[in-house]
Amino acid sequence: MKLVVRVKLLPTPAQAEALEATLHACNEAATWAAQVAFDEGALRPLGLRKHTYTEIRRRWGLGAQAAQHAIKKTCDAYTTLRANLRAGRYGRPGSRRHARASGKPMVFRPGAAQPYDDRMLSWQHQDRTVSIWSTVGRLKNVAFTGQADQLDVVAAHRQGESDLVRQGGKWFLIATCEIKEAALNPHPVGFLGVDLGIVNIAATSDGERHAGRRINRKRAADRALRTKLQRKNTKSAKRRAKKYAGKEARRNKDINHKISKRIVAEAERTGRGIALETLTGIRERARLRKPQRTTLHSWPFAQLGGFIAYKARRAGVPVMYVAAAYTSQECSKCHHTERGNRTSQARFACRSCGFVEHADHNASHNIRQRGWMQWVCGAQPTAPALTLIA
């Protein structure tokens with residue numbers, strides 16, 4: 001399986017200036033190539049290379065490999081755009097949003113990521129430095145750092161390209177690693193059901209709840225601060241907003257990593273699989289009051305599910321996705337399904353058999369049972385092929 005690890009670079013001021021100039025040159029070249037691709041209809045690397053390769057090397061002074069990567073990056077961007085248009089992510093054909101997306105060439109930010117292969121980038125893991133190509137020559141002894149376990153993964157399993165990117169004034173290398181998967185447990189003794197929600201981020205069929213009350217209060221405070229700064233719209237307010245940009249997303253990601261790690265560790269320890277809800281379309285299905293919609297739309301449920309799935313795959317724990325319909329209304333004891341069973345957000349009381357349980361735990365039991373039934377019926381376990389772990 002493939003994992004992606006983010007390694008922080010610690011360049012000197014002169015090295016940082018050279019890296020910034022390199023990124024700007026590569027992305028300016030890619031933007032120009034995107035215009036040519038749009039005008040000529042050359043959206044494949046071989047066809048676009050005939051129109052742009054020589055000019056990119058002459059005008060921006062890129063090396064052979066860097067020019068090739070700029071062209072391929074352009075073609076990959078158009079491939080992604082076409083896939084998103086087909087999937088309807090830009091609305092229906094003929095709509096204003098669809099026309100805006102498809103009616104103009106791609107543009108790359110000056111600091112957008114640039115791919116590096118082994119000819120352009122070499123790692124010295126013992127010294128924790130890299131040697132990296134730039135438009136002013138090879139930069140040697142560029143220091144890097146990161147968490148010890150992640151650096152061990154990079155040293156042992158890194159393969160293929162790495163992306164150079166600048167985020168928030170800091171430099172990173174995004175390294176792709178090929179990890180050998182653990183053998184899948186073919187005979188789980190049962191399944192651990194996981195119900196995802198807003199008040200409780202995750203509730204398991206073992207009775208564990210990962211409460212989100214404090215997290216939601218902090219997120220509400222972040223949104224209030226962001227709104228205040230946007231309304232003020234002064235230079236100092238913009239500087240402060242830029243400082244806090246991405247803070248909430250980083251916190252959410254860290255929380256999701258911790259929750260998923262605990263869930264997978266418990267399933268692995270007890271020899272069970274994990275059953276998750278299929279959350280596709282949750283934003284369209286959910287009917288909430290306006291104040292609750294921001295909370296629903298901003299929490300990365302798919303990210304948490306993806307973290308659970310890839311950690312489970314790495315540990316050899318089978319993962320089953322089940323239909324989410326009526327899991328909160330169905331009694332996990334007698335399976336009577338009625339809307340009135342959910343008497344409040346936290347309380348479930350079956351109107352048929354009288355069973356009373358915390359609503360999220362009752363839903364997790366239903367998810368566990370559905371996951372077990374799918375496994376018994378021969379459904380294949382699923383997990384994503386690529387997930388960011390840094």
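**Exercise 1. Classify Tyr 326 by its accessibility, then place it in the fold.**

*Solution.*
Step 1. Tyr 326 has a relative accessibility of 53%, so it counts as exposed. The cut-off for exposed is over 50%. This is a predicted model.
Step 2. Tyr 326 sits in the loop between β12 (319-322) and β13 (347-349).
Step 3. Now the backbone. The phi of Tyr 326 is near 65°, a positive value in a residue other than glycine.

**Exercise 2. Decide whether Thr 327 is buried or exposed, and list what it touches.**

*Solution.*
Step 1. Thr 327 is found in the loop between β12 and β13.
Step 2. Its relative accessible area is 3%, so Thr 327 is buried. Buried means under 20%.
Step 3. Leave out residues up to four places away in sequence. Thr 327 then touches Glu 277, Asn 362, Ala 363, Asn 366, Ile 367 and Arg 370.
Step 4. Check some of these partners. Asn 362, Ala 363, Asn 366 and Ile 367 are among the buried residues of α12.

**Exercise 3. Compare the span of helix α12 with the expected one, and name its buried residues.**

*Solution.*
Step 1. Helix α12 covers residues 359-376, which is 18 residues.
Step 2. From its first C-alpha to its last, α12 reaches 26 Å. That is close to the 26 Å expected at 1.5 Å a residue.
Step 3. The buried residues in α12 are Ala 359, Asp 360, His 361, Asn 362, Ala 363, Ser 364, His 365, Asn 366, Ile 367, Gly 371 and Trp 375.
Step 4. Look just past the end. Gly 378, just after α12, takes a positive phi of about 95°.

**Exercise 4. Describe how helices α1 and α2 pack.**

*Solution.*
Step 1. Two packed helices are described by the angle between their axes and the distance between the axes.
Step 2. The axes of α1 (residues 13-40) and α2 (residues 45-60) cross at roughly 150° and come within 10 Å. The angle makes α1 roughly antiparallel to α2, because angles over 145 degrees count that way.
Step 3. The crossing of α1 and α2 is right-handed.
Step 4. On the α1 side, the contact uses Ala 25, Glu 28, Ala 29, Trp 32, Ala 33, Val 36, Ala 37 and Glu 40. They meet Leu 48, His 51, Thr 52, Glu 55, Ile 56, Arg 59 and Trp 60 in α2.
Step 5. Sorted by class, this contact of α1 with α2 holds nine nonpolar, two polar and four charged residues.

**Exercise 5. Do the same for helices α8 and α11.**

*Solution.*
Step 1. Helix α8 (residues 247-270) packs on helix α11 (residues 301-315) at an angle of about 40°, with the axes 8 Å apart. That makes α8 oblique to α11.
Step 2. The crossing of α8 and α11 is right-handed.
Step 3. Contact residues in α8 include Asn 252, His 257, Ile 259, Ile 263 and Glu 268. Those in α11 include Leu 304, Phe 307, Tyr 310 and Lys 311.
Step 4. The residues of the contact of α8 with α11 divide into nine nonpolar, five polar and four charged.

**Exercise 6. Classify the loop residues Arg 128 and Lys 180 by accessibility.**

*Solution.*
Step 1. Arg 128 lies in the loop between β3 (121-124) and β4 (129-134). At 36% relative accessibility, Arg 128 counts as partly exposed. Its phi is near 55°, a positive value in a residue other than glycine.
Step 2. Lys 180 lies in the loop between β7 (170-178) and β8 (191-196). At 75% relative accessibility, Lys 180 counts as exposed.
Step 3. The C-alpha atoms of Lys 180 and Gly 271 are separated by 20 Å, with their positions 91 residues apart along the chain.

Conventions. Residues are numbered from 1 along each chain as its sequence is written. This is a predicted model: local features need pLDDT of at least 70, side-chain atom pairs count only at pLDDT 80 or more; totals for chains, interfaces and linings use all residues. Side-chain values use heavy atoms; hydrogens and water are left out. Axes are lines fitted to C-alpha atoms, for helices over the stretch in contact, and angles run from 0 to 180 degrees between N-to-C directions. Helices (H or I, at least four residues) and strands (E, at least two) are DSSP runs, numbered from the N terminus. Angles under 35 degrees count as roughly parallel, over 145 as roughly antiparallel, 65 to 115 as roughly perpendicular and the rest as oblique. A crossing is left-handed if the near helix is turned anticlockwise from the far one by less than a right angle, and right-handed if clockwise. Contact means heavy atoms within 4.5 Å. Ala, Val, Leu, Ile, Met, Phe, Trp, Tyr, Cys and Pro count as nonpolar, Asp, Glu, Lys and Arg as charged, and the others, Gly among them, as polar. The expected span of a helix is 1.5 Å times one less than its number of residues. Buried means under 20% relative accessible area, exposed over 50%, partly exposed in between (1.4 Å probe, protein chains only).
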